[in-house]
Amino acid sequence: MYKSPNLKSKLFKLSLIYAFFLMIGSFPLSGFSQESKPAASEKRYDPKDDIMEHIADKHEWHLIGTSYIPLPVILYTDKGIELFSSGNLQPAGTLYKGRHYTYKLVGNKIEAVDDAGKLDEAANKKIWDFSITSNVASMWLAMAVLLVLFLSVSSTYKKRVGKAPKGLQSFMEPLVVFIRDDVARPNIGVKYVRFMPLLLTIFFFILFNNLAGIIPVFPAGYNLTGNIAVTFTLAIIIFLVVNVNGNKNYWKHIFLPDVPFWILPIMWIVEISGIFSKPLALMIRLFANMTAGHIVVLSLISLIFIFNTLWVSPVSVAFVVFIDAIEILVAFLQAYIFTILSALFIGMAVEEHHQEVI
Amino acid sequence: MTGGYGPIGAGLAAIGAGIGIGQVGGKAVEAIARQPEAISKIQTNMIIAMALVEGVALFAVVVALLG
């Protein structure tokens, strides 16, 4: 007799979740499309180039297979500004004659070359690349999504004053309250309200970009927080906020701590290097965690191409599903860690003097 | 041995990370066993300590892979 499936059972819900993750893992990473190997060459497949191509920044926005969106190239040379589409530089190795120099795409960098194609060293030093690369475009997309999300939630709050949260509000409210009650207030103390916008922005920016790095389809699937320039900027922001808001107590702890006088020179070295090393650690932690995660996933997928057989794919996809689940956890964790450490540093900078109890 | 020693350094850094995070996690679990009602505070501090230990290990990995 046919027993209809129990749609409320735990097993069914677990299978749904598993099927969802399996679906994520089964999207092929399209950058690996290779034409069939010619019979003569026995060159071993080197995954390094494909992996680096997916992690690094590029001048075009990759869609599917070999299609891409060419992004504008903006160069500031000593002779003036250059503006052209990066489609002019594809396929790789094409020389493009700009207004001031001739350009060629070498790897992911734009180099000035002379007409024969040789590198023009002197001119290269004077070219500053301000292009809209794939990272910049995807960061603008992330900013737009975050702005839309939070402006709509905040306007809903203004309209529904005093009423219970509804819809998107009820999704955002626990996260915002969590940042306020468990991250900001315990670490910063009573002055936490001034720093809430910063902490919330950092948390949601990093979280959104981390999660988008895991979803492989366009327009997500970009590696923004794994770009050390981006994490460097976030760390610089924290560095400036902490040191600009440092009160007398903070600087006193750094330059005149409560130690015997002969230890002071050592303390100065330690404390001053601490001022710089704390944001540096923030930068490297986020960058390395994200990049390492992406490299692991890409390496497991390229296992299929290294063994060059289709039967490795179930194993590979199973591994990738598992690692992707861990990556989601790491995405949340790294956003939370960055935020709570920033709150900790800000708290140390603004705390008032409390009498040491002996 | 020809070639760079970068991957060896990265592997050693992984050992360091494993030992460190294992210690932190183990002590945290012991503390939870002793006092289950403090579980959320212990968990928060465990996560912070884990991130700091992992940060140092990742310094080593980045330096190893750069060289």
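Domain bounds here come from an automatic or database domain assignment. On that basis, chain A is divided into domain 1, residues 47–133, and domain 2, residues 135–350. Keep in mind that this is a predicted model. The C-alpha centres of domain 1 of chain A and domain 2 of chain A lie 31 Å apart.

The two domains of chain A do touch. Contact involves 12 residues of domain 1 and 15 residues of domain 2. On the domain 1 side, helix α2 of chain A, residues 47–55, gives the largest share, 5 residues. What is the make-up of that side of domain 1 by class? It has 8 nonpolar, 2 polar and 2 charged residues.

Now take chain A as a whole. Its secondary structure comes to 10 helices and 8 strands. Along the principal axes, the C-alpha atoms of chain A fill a box of roughly 85 × 80 × 50 Å. The chain has 358 residues, and buried residues make up 24% of them. Sequence separation is worth a look too. Take the contacts in chain A between residues at least 6 apart in sequence: 61% of these join residues at least 24 apart.

Next comes the interior. In soluble globular proteins, nonpolar side chains tend to be buried together. The largest nonpolar core in this model holds 45 residues. Within this core, A:F203, A:I206 and A:F338 touch the most other members. Which elements each supply at least two residues of this core? From chain A they are α5 (168–188), α6 (196–214), α7 (228–244), α9 and α10. From chain B, α2 does so as well. The core thus takes in residues of both chains. Helix α10 of chain A gives the most, with 11 residues.

Look more closely at A:F203. Set aside its neighbours within four places in sequence. A:F203 is then in contact with A:I179, A:A335 and A:T339. Another core lies apart from the largest one, and has 10 residues. Among them are A:V73, A:Y96, A:L105 and A:A112.

Turn to the contact between the chains. Chain A brings 8 residues to it and chain B brings 9 residues. On the chain A side, the elements giving two or more residues are α9 (264–307) and α10 (313–350). Of these, α9 of chain A gives the most, 5 residues. The class count for this side of chain A is 6 nonpolar, 1 polar and 1 charged.

The loop between α9 and α10 of chain A holds A:N308. Its backbone stands out for one angle. Phi of A:N308 is near 60°, a positive value in a residue other than glycine. Is A:N308 buried or exposed? A residue counts as exposed if 12 or fewer other C-beta atoms lie within 10 Å of its own. A:N308 has 10 other C-beta atoms within 10 Å, and so is exposed.

Finally, consider chain B. Helix α1 of chain B spans residues 6–34, and helix α2 of chain B spans residues 39–66. Their axes come within 8 Å and cross at roughly 175°. Angles over 145 degrees count as roughly antiparallel. Therefore α1 and α2 of chain B are roughly antiparallel to each other. By class, their contact has 20 nonpolar, 5 polar and 1 charged residues. Helix α2 of chain B also links back to the interior described above, as one of the elements that each supply at least two residues of the largest core.

Methods: Residues numbered from 1 in each chain as written. Chains lettered and ligands numbered in written order. Predicted model: local features only at pLDDT ≥ 70, side-chain atom pairs only at ≥ 80, totals over all residues. Axes fitted to C-alpha atoms, helices over the stretch in contact; angles between N-to-C directions. Helix = DSSP H or I, 4+ residues; strand = E, 2+ residues; numbered from the N terminus. Parallel < 35°, antiparallel > 145°, perpendicular 65-115°, else oblique. Nonpolar A, V, L, I, M, F, W, Y, C, P; charged D, E, K, R; others polar. Contact = placed C-beta atoms within 7 Å. Buried ≥ 20, exposed ≤ 12 C-beta atoms within 10 Å, placed from the backbone. Core = buried A, V, L, I, M, F, W, Y, C linked by C-beta atoms within 7 Å.
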